[in-house]
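Hi everyone, thanks for making time for this. Please have the viewer open so that you can follow along as I talk.

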Amino acid sequence: MTFDEEPETQFEEIKRSVKETAKNLPQSAKAYVKTLFPILTWMPRYNLQWFIGDFIAGFTIALILFPQAISYATKLAGLPAEYGLYTGFVGCLLYSVFATSKDVTIGLTAVLALVIGQSINTNLGSKATSGEKVTFAITLSFWTGLIQLFIGFFRLGVIVDFVPIPGLFGVKNINTNENPPYQILYDFLSAVGSGTSKYDAIFGVTALFFLFSIKYLFAHLAKKTPVLRFIGFMRNAIVLIVYIGVSYAFRDRADMPFAIVKTIPKGLSGIRGPELSASYSAKILPAVPTIFIISLLEHIAVVKMYGRQNGYTINPNQETIALGLTNVIGSFIGAVPSTGSFSRSAIKSSSGVRTPFGTFYTGVLVIIGLFTITDVLYYIPSAVLSAIVIAAIFELFVNFKILKNVFQIEILDGLGFVIALVVCLVSTIENSLYASVGWSVIIKPLARTASGSWVDAQLESTKKNPEPLAPGPQGILVFRIEESLTYPNSGFFAERLKETASDKMWSDDTEERALAREKLGLETLQPLRAVVLDFAAVNHVDYTGLQALLDSKNDLSRFAGRTVPYYFVNAHRGQLNTLLRVPISAGVDVTPGNTKPAQEGFIGRFKKDPEADVLFHQERVKALVYFRDTIDDAIEAANLEILGSLSEAEVEVVSSK
C-alpha cells in the first residue's frame, strides 16, 4: 500500500473541517433541533393499543410513586412529603416529551434523596428550618439541571464515561443523614433496647416483613399465573393502605403512640421556586458536583440497562437534556433534584409500557391524587415509610454471584467495589463516590482514543505476502480495535461497531427490507453473518468492556435476524479468561435493577450451583475455536461455520456472489 498525495498539515485539516461544517450547518441544525424532541418520531403513530399499555403501566407506577416519593422525601432527604410528590409528577410530565427510553421513570430515588439530605445537613446544619431545607434542595435542583443542560446541548455526555458506575425501622431521633451506616445501626439498637419508640419499631419491622412476603410470594405464584405479578408490584401501596387503616383507628387518641406524617398540603399550594441570588448561589455551588454526578450516572445507567434489555437504542446526550430540563423547570414548581429510578423503571418495563408517554399518565394521576387523597395520607405511619425505604435499598443489593465474576474478570474493578463499599459504610455516599473515582483515576488511563476502524479484507490483506482470500460467503465484517477496551471507551466502541455494520454496506437480507430497498431503487445489500475483531492493539479488557462486546453482539444479532458469531484475532493470552465469555454469551451485568437477582431471591444470590459451574467450564473449552492467529484464518473459520449453518440452496447462492 503506497501514498501518492502529500498529507494535510494540521492547519489545513482544521480549515477544511471548518468549511465542511459551515456548508452542512443548515442541515445539521435542522437535524439537531429534531433530535431535541424524540416525541415527534413516535407520536404520529400513537394508537389505542399503545394507549392501553401505557395507561396500565402509568397507573401501576402512580400507585408505587406515592409511597416511595413520600418515604424518600421525609426519611432520606429530610423534606416535607409534598416535595417528593411535586418532584414525581414534574419529572413524569417533562420526561415523556424529551425521553428516548420508554421504560424509565424520573423522580426522587433512595440514593439521590440520601445524598440530598446529607448535603443539606453539611451546608445548613441540623438546626435548619424546614423552609430553609426546601429552598436549598430546590435551588440545588436548578443549578444541577443547568449543568446537565449544558452537557447535553453541547453533546459533552462523553465525560460521564470517566466516572465509574437511611431511616431505620422508623425509630425517631436517629440521624441517618450525618452518621455513617454502622453508627445508624448502633443508634437503632440502642433506641429499641432502651424501650423507646417500640411502637414505631413494631410498625417498621412488621411492615418490612409484609413487603418482602408479598414480593416473593407473588413472584413465585406469577410463574403459573403471570397476572399475579401486578400484586407484587403494588406491594408498597397495599402495605401503606393497610397501615393507614390501623393508624386511622387511633385517630381519637389525644397522644398517638407512634409517629405519623400528618398534614400534606392539598393540591399545589406548597409550590415555591429557587433562590437565585448571587450570595445564595455561592452557598449552593459546593454541593452541586456530587448531586450532578450521582443524578447523571444513575440516570444514564438505568436508561442504558433497559435499552439493552429491550433492544432499543438510547441517546445519552438527549437523556442528559431531558434530565436537565426536568431539574431546571421542576425547580420552579417545587421539585428537588431527580433522576431515573431503577425500581420503578423495572416495574414499568414489566407492566407492558409501549412508549415514553406512560410517564405522562403517571404524572397526571399524581396531580389528581394531590387534589383528592391528601387527607388520607395524613395518617401514614412514619415507620412504614422507613420500611418502604429499606425494602427499596434491598433492591440495589449486589448479587454476589455476579460480584464473583467481576473479580474473575478484572480484580482491580472488584477492589474498586470493595473500596467504595467500605468508605460508604464508615463515611458517606459522597465520600464513597470520591473514593471510587480516585481509584478509577489511578488504574484507568484518562484518555479516549479512536474505538476502532473498518477493514476491507479484500483490499487490505493481513498476510505478509498478499494473496487473494479464499472464496466463500459474503457478509463478514472485519473490525480492528485500536485501544484497550475499558470503561472510558467501551460504550463508544459498541456504538462505532453498530454504526459500521448498519451504515457501511451491511444489511439484513430479509424479504421485507429487500422489497423496501427495491422500491427506493437501491442496490441489494449482503447480509451480516459474522464479525472478526482484531485485538492486536488491545492490551486490557475490563468487565465493562466485556459487557460492551456482549451488548454489541446481541444488537447485531437482532439487526441481522440471526445469531452473529464473533471471532477474535491476536487476542493476548491474558485476555482469554474474559473474552471466552463472548462466544457463550456469559454476561456480567452488575447494574442495580437487574432482573435475575429478583427471580432467584435474596438467599439464592449466595448459593453455589456445581452443575452450572461444570457446564460453564465445558462451554469455555468449546469457545476456544473462536480465537485465531490471523484475520484470514478467522475469515476461513467463519466461512465454514456459515456454510455449515446454511441450506444447500443458500450455500449455492452465497458462494456464487
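I'll begin with the whole protein and then visit a few places along the chain.

One thing to keep in mind from the start: this is a predicted model. The protein has 657 residues, and 49% of them are buried. In terms of secondary structure, you will find 29 helices and seven strands. Its accessible surface comes to about 31500 Å², and carbon and sulfur atoms account for 62% of that.

Let's start with helix H1, which covers residues 10-23. Here arginine 16 and glutamate 20 join their side chains in a salt bridge, with 3.4 Å from N to O. How far apart in the helix are these two residues? They are four residues apart, which is about one turn of the helix. Arginine 16 counts as partly exposed because its relative accessibility is 34%, and glutamate 20 is partly exposed too, at 39%. If you are new to this kind of pairing, the general idea is that side chains of opposite charge can pair when their charged atoms come close.

In total, the model has four salt bridges, and I'd like to show you another two. Aspartate 534 forms one with arginine 480, where the closest N and O atoms are 3.5 Å apart. This pair links distant parts of the chain, since aspartate 534 belongs to strand S5 (residues 530-534) and arginine 480 to strand S4 (residues 476-480), 54 residues apart. Is aspartate 534 buried or exposed? At 7% relative accessibility, aspartate 534 counts as buried, whereas arginine 480, at 25%, is partly exposed. Further along, the side chains of arginine 628 and aspartate 633 meet in a salt bridge of 3.8 Å, N to O. Both partners are partly exposed: arginine 628 has a relative accessibility of 27%, and aspartate 633 has 26%.

Now for the aromatic rings. A search of the whole structure turns up 24 aromatic pairs. One of them joins tryptophan 42 and phenylalanine 357 edge-to-face, with 6.2 Å between the centres and 65° between the planes. Tryptophan 42 and phenylalanine 357 are both buried. Phenylalanine 357 also pairs with phenylalanine 360, and this time the rings are stacked, 4.6 Å centre to centre with 10° between the planes. Why does phenylalanine 357 count as buried? Its relative accessibility is 15%, and the cut-off for buried is under 20%. Phenylalanine 360, at 29%, is partly exposed. If you zoom out a little, these rings belong to one aromatic cluster made of Trp42, Tyr46, Trp50, Phe51, Phe55, Phe357, Phe360 and Tyr361.

Two members of that cluster, Phe51 and Phe55, bring us to the outside of the protein. They also appear in a nonpolar surface patch of about 550 Å², together with Leu48, Ile52, Ile56 and Phe59. Leucine 48 sits in helix H4, which covers residues 48-76. With a relative accessible area of 62%, leucine 48 is exposed.

The next helix on my list is H5, residues 81-98, with 18 residues. From first C-alpha to last, H5 reaches 27 Å, close to the 26 Å expected at 1.5 Å a residue. H5 is mostly covered, as 16 of its 18 residues are buried.

Helix H9 has 24 residues and reaches 34 Å from its first C-alpha to its last, close to the 34 Å expected. Its buried residues include Phe203, Ala207, Leu211 and Phe218. Please click on alanine 207, which lies in this helix, residues 198-221. Alanine 207 counts as buried because its relative accessibility is 0%. Which residues does alanine 207 touch, leaving out those up to four places away in sequence? They are Val239, Tyr243, Val384 and Ala387. Alanine 207 and alanine 383 are 176 residues apart in sequence, yet 8.2 Å apart in space, C-alpha to C-alpha.

My last stop is a point about the backbone. Most residues other than glycine have a negative phi. Asparagine 570 has a positive one, near 60°. You'll find asparagine 570 in the loop between strand S6 (566-569) and helix H25 (576-579). At 33% relative accessibility, asparagine 570 counts as partly exposed.

That's my tour, and I'm happy to take your questions.

Technical notes:
Residues are numbered from 1 along each chain as its sequence is written. This is a predicted model: local features need pLDDT of at least 70, side-chain atom pairs count only at pLDDT 80 or more; totals for chains, interfaces and linings use all residues. Side-chain values use heavy atoms; hydrogens and water are left out. Patches are made of residues with over 30% relative accessible area and no salt bridge: like charges are joined within 9 Å, nonpolar side chains (Val, Leu, Ile, Met, Phe, Trp, Tyr) within 5 Å. Accessible areas come from the Shrake-Rupley method with a 1.4 Å probe; for residues, only the protein chains shown count as cover. Buried means under 20% relative accessible area, exposed over 50%, partly exposed in between (1.4 Å probe, protein chains only). The expected span of a helix is 1.5 Å times one less than its number of residues. Contact means heavy atoms within 4.5 Å. Rings of Phe, Tyr and Trp (its six-membered ring) pair if their centres lie within 6.5 Å; planes under 30 degrees apart count as stacked, over 60 as edge-to-face and the rest as tilted.
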